[in-house]
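Please open the model in your viewer and keep the selection panel at hand. The stops below can be taken in order, each beginning with something to select.

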Amino acid sequence: MIYFDNAATSFPKPECVLTKLDEVNRNLAVNAGRGSYSLAYEANEIINDTRCQIAKLAGTSIDNVIFYPSNTFAMNGVINGLKWDKHKTVYVSPFEHNAVMRPLSLKEKQYGCKIKILPFSSGGKLNSDEAARLFSIDAPDYIFINHASNVTGTILPVEEICTLAKQYNPIVILDIAQTFGAIDIKHISRFVDFLVFAGHKSLMGPLGVGGFINLSDYELNLAFAGGTGSDSLNLDMPQSSALRYEIGSPNIAAIAGLNEGIKWIENIGINNLAQHKQMLIKALVDSLKDNRKIHFCLNNEENYKLGVISFVVDGYEAHDVGSILNYEYDIAVRTGYHCAPLIHSLINAKDSGGTIRVSVGYFNTLEEIQKLIIALRSL
């Protein structure tokens, strides 16, 4: 099988990640920090080291990193931890994932808060004048920005949005599921309050670990409560940052795998990873851009480094193209609406059943791209 669904989950994983997962599951799958024995201490050290690795990538301190089972759990932890009432105004980009939109929709129903969409053109550009006007009418309390679209690979102008909103002092939450480990994010960290990440995408870790990074002095309310392995007679959650938000038995195998994934990325080099993905996407687009049946969505070469591109094919539903590629060519792509409810109006992809998304990774080759090109030309 030729796998082009890395925006959902990077696959295959580096060999060092697979080796570490096997090693930990066989020899270290204990409750980290929950016992007075060597294995528990060793497992806890792996968690702390991984926390340090995440902090280094984000350009912050280890105390700010909180682990959850996934990006979606972490986003719910942040959203449920914010203060809510009917007067709150929330701005979202039209590129948001349902990890953001569904929890916010619940808040809208529960509290009557307002959710507004940041103004982007059909070409994917922010209308800064209109955004400034909207902010002046309804000042933002919270702004949610998807750093890069999981549908089109579009990198959003985070600094511009935050600069326009700065005078209103909103809390800014940046979803870095697609960008963390794919591009350097440290330069934008100073503009936002929370980063929410996934371990199983560009960070090359396994499923089962994600989290958020608190870059501000904003203290979230508790979204979850439970055992932490410490102060067990106290029915209140601990005050320590990580222990306050991380409940239950840590997924030590997933966290150890994430640790290896980050080290692998640092060894290869983020820029080298990005250049490889950019080369593959450019080859795909250049070979098909003159095909009158294929229409690429928000095609911008600056975004190719994320390795994500979407398109529609005249005369086909997105799902049908995916099925043909799967059954006739053994090529795996993602089709449909990609858990992104707003963007398809922006790119006019609703009537085609969404888009066909190709998302490449480091282990994909130019030969595989050529096979995809041949398959698409046959449609």
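Helices and strands here are DSSP runs numbered from the N terminus, a helix having at least four residues and a strand at least two. Keep in mind throughout that this is a predicted model.

**First stop: the seven-stranded sheet**

Begin by selecting β2, β8, β7, β6, β5, β3 and β4, which in that order form an open sheet of seven strands with mixed pairing. At its edges stand β2 (65–68) and β4, and because each of them has a single partner strand, one side of each is left without a neighbour in the sheet. Stepping from one strand to the next, you should find a twist that averages 20 degrees.

Now restrict the selection to β6 (residues 171–175) and β7 (residues 194–198), which pair in the parallel sense over three bridges; within this pair, L174 stands opposite L195 of β7. Add helix α2, which packs on the sheet by touching β2, β7 and β8 (210–214), and whose direction makes about 120 degrees with that of β2. Then add helix α4 (residues 98–111), which also packs on the sheet and touches β3 (89–92), β4, β5 and β6, its direction making about 145 degrees with that of β4.

**Second stop: a residue in β5**

Select N146, which lies in strand β5. Is N146 buried or exposed? With a relative accessibility of 3%, N146 counts as buried. If you display its surroundings and set aside residues up to four places away in sequence, the residues that N146 touches are S93, F95, E96, H97, L156 and D175.

**Third stop: salt bridges**

How many salt bridges does a search of the whole structure find? The search finds 14, and three of them are worth showing as sticks.

Select D22 and R26, whose side chains meet in a salt bridge with an N to O distance of 2.8 Å. Both residues lie in helix α1 (residues 15–27), where they are four residues apart, about one turn of the helix. D22 counts as partly exposed at 39% relative accessibility, while R26 is exposed, with a relative accessible area of 65%.

Move next to E246 and R51, where the side chains meet in a salt bridge of 2.6 Å, N to O. This pair links distant parts of the chain, since E246 sits in the loop between α8 (241–245) and α9 (252–268) and R51 in helix α2 (residues 38–58), 195 residues apart. E246 counts as buried at 17% relative accessibility, and R51 counts as buried at 7%.

The third pair to select is K114 and D138, joined by a salt bridge between their side chains at 2.7 Å, N to O. K114 lies in strand β4 (residues 114–117) and D138 in the loop between α5 (128–137) and β5 (142–146), so the pair ties together parts that are 24 residues apart in sequence. Here K114 is partly exposed at 34% relative accessibility, whereas D138 is buried, with a relative accessible area of 17%. Add K116 to the selection as well, for salt bridges that share partners join K114, K116 and D138 into one network.

**Fourth stop: two helices that cross**

Select α9 together with helix α10 (residues 270–288), and look at how they pack, at an angle of about 80 degrees and with their axes 5 Å apart. An angle from 65 to 115 degrees counts as roughly perpendicular, which is why α9 is described as roughly perpendicular to α10. Which residues make the contact? From α9 they are W264, I265 and I268, and from α10 they are I270, N272 and L273. Sorted by class, the contact has five nonpolar residues, one polar residue and no charged residues.

**Last stop: the four-stranded sheet**

Finally, select β9, β10, β13 and β12, which in that order make an open sheet of four strands with antiparallel pairing. The edge positions belong to β9 (294–296) and β12 (334–336), each with a single partner strand, so one side of each is left without a neighbour in the sheet. With direction ignored, neighbouring strands of this sheet are turned by 30 degrees against each other on average.

Within it, choose β10 (residues 308–313) and β13 (residues 355–359), which pair in the antiparallel sense over four bridges, and find S310 standing opposite R357 of β13. To end the tour, add helix α11 (residues 318–329), which lies across β10, β12 and β13 and runs at about 155 degrees to β12.

Technical notes:
Residues numbered from 1 in each chain as written. Predicted model: local features only at pLDDT ≥ 70, side-chain atom pairs only at ≥ 80, totals over all residues. Heavy atoms only, no water. Salt bridge = Lys/Arg side-chain N within 4 Å of Asp/Glu carboxyl O. Buried < 20%, exposed > 50% of the residue type's maximum accessible area, 1.4 Å probe, protein only. Pairing = 2+ DSSP bridges. Axes fitted to C-alpha atoms, helices over the stretch in contact; angles between N-to-C directions. Contact = heavy atoms within 4.5 Å. Parallel < 35°, antiparallel > 145°, perpendicular 65-115°, else oblique. Nonpolar A, V, L, I, M, F, W, Y, C, P; charged D, E, K, R; others polar.
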